[in-house]
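Have your viewer ready and the sequence panel open. We will walk through this model one selection at a time.

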Amino acid sequence: MNLRYVLLLTTLLAGFAASLTQGSTLAADAVRPPNVVLLISDDQAWTDYGFMGHKQIETPHLDRLAKESALFTRGYVPSSLCRPSLMTMATGLYPHQHKIAGNDPAGKVNRNLMLKHVQAVATSPRELGQLGYVSLQTGKWWEGAPSLGGFTQAMTHGDTTRGGRHGDVGLKIGREGLKPVFDFIDKAGDDPFYLWYAPFLPHEPHNPPERLLKKYQAQNDSIHIAKYYAMCEWFDETCGQLLDHLDAKGLRENTLVIYVCDNGWIQEPNKRGYTNRSKRSSYDGGVRTPIMVRWPAGQVKAFRDEQTLVDSIDIVPTIREACGVVAKDELPGLSLLSLCRGGQLDRDTIYGEIFAHDQADIDNPSASLISRWCIEKDLKLIDSVDGPPQLFNLADDPFEQQDLAKDQPDTVARLRKKLDAWWTP
């Protein structure tokens, strides 16, 4: 057992002793540092799961995870574009804070110049590494060599001279099996581990196994819809394989599993690509995602919450609390553990921001801003830079068809003040 592990165990034991003093009934196994597994879907709408009520798409493995987890159906990501969204999951910061606002730098700027941002902030792999965790990156990763983000092991190389951009070799995970993941888990031994599973699924290219494509072709006239639906089930199958491996190795009880999607995707029925109310938009089709938290070792209750607003900015604070990370910096998100144990979040409003795909100024996200948005309970304001504001009541209008902005100018003004208090570009 290495020294860092001993230090982590000491920290957790102290916390456990304090919790006993307060009357906690948590299981003794909780003093062991939990493994952490992030399951990250890529380009999937919040509606497109069996447990979310989709009438065709079958996701039996994620359905099972949903039943075993604290499931928050009103989860969100601040930005509906891959790179800034993933960076938020690694850092717990909004894009305007971690400064990765777009996928690529605009013009002929060397994309390697953007890598300074991941090195300038704390990341979960780096923080956990200081406590003795080993970590593996698989799938999507935009920030150069994953070691820059603190990973001890990685599939992706990130070298732009060899085609590195958003995952390179790492993008094979899931599509070509999960052996690197299984090998990592098996070799971790007594070391706690952090696993970043962000496969290129159901992301394009939509080339699912023929057996799944035929299944959805039989139900749809659109080949594009059929391919996308099949990709969603293919992703689900890979999640099932990973979760089954944890079970087979006896790791279920003390592994914190968090599920989230980087951004939405509503498939165009008559061509490749997504509709303008999904990816890269401020609409719920782009920024909403179910979020799940599973940690069976007497830590997280299994329930379904359809009211509480949670956000991907909450993932890092949750990991910090679960793993005993002591950090001086304040994050904008909240740990979900109290909520997962039957408590409440002290928050009634969440915020987000949408930027251009190509970042005009790699040090100034404001230069690429398209819109800001916020949700206060059921009211959602989209405040665009070059267009009129839009206001929706999500309880009555979950797919944002009825704009209330002209009828409720006072509400628009009040929510704009909230946006400005949160972040003024």
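The tour below starts with a strand, moves into the cores, and ends at a loop and a hairpin.

Before you click, note that this is a predicted model, where local features need pLDDT of at least 70, side-chain atom pairs count only at pLDDT 80 or more, and totals for chains, interfaces and linings use all residues. Residues are numbered from 1 along each chain as its sequence is written, and side-chain values use heavy atoms, with hydrogens and water left out.

**Stop one: strand 7.** Select residues 255-261, which make up strand 7. Strands here are DSSP runs of E with at least two residues, helices are runs of H or I with at least four, and both are numbered from the N terminus. Seven of the seven residues in strand 7 are buried, so the strand is largely enclosed by the rest of the structure; buried means under 20% relative accessible area with a 1.4 Å probe, protein chains only. Turn on side chains: T255, V257, Y259 and C261 point one way, while L256, I258 and V260 point the other.

**Stop two: its partners.** Two strands pair if DSSP finds at least two bridges between them. Add residues 35-41, strand 1, which runs parallel to strand 7 and is joined to it by seven bridges. Here L38 has I258 as its bridge partner. Next add residues 288-294, strand 8, which is antiparallel to strand 7 with three bridges; look for V257 opposite R294.

**Stop three: the cores.** A nonpolar core is a set of buried Ala, Val, Leu, Ile, Met, Phe, Trp, Tyr and Cys residues joined through side-chain atoms within 4.5 Å. The largest one has 58 residues, and W196 and I319 touch the most other members. Center on I319: beyond its neighbours within four places in sequence, its contacts (heavy atoms within 4.5 Å) are V36, L38, S124, L128, Y194, L256 and I258. Apart from this core lies another, of 46 residues, including W46, F51, M155 and L246.

**Stop four: N263.** This residue sits in the loop between strand 7 and helix 10 (284-287). Is N263 buried or exposed? With 1% relative accessibility, N263 counts as buried. Its side chain makes a polar contact with the side chain of D43 at 2.7 Å, a polar contact being a pair of N or O atoms within 3.5 Å, where within protein one must be able to donate a hydrogen and the other to accept it, and residues adjacent in sequence count only if both atoms are side-chain atoms. The N263 side chain also reaches the backbone nitrogen of C82 at 3.3 Å.

**Last stop: a hairpin.** Select strand 14 (residues 379-384) and strand 15 (residues 390-393), an antiparallel pair with four bridges. They form a hairpin with five residues between them, and I382 stands opposite Q390.

Methods. Buried < 20%, exposed > 50% of the residue type's maximum accessible area, 1.4 Å probe, protein only.
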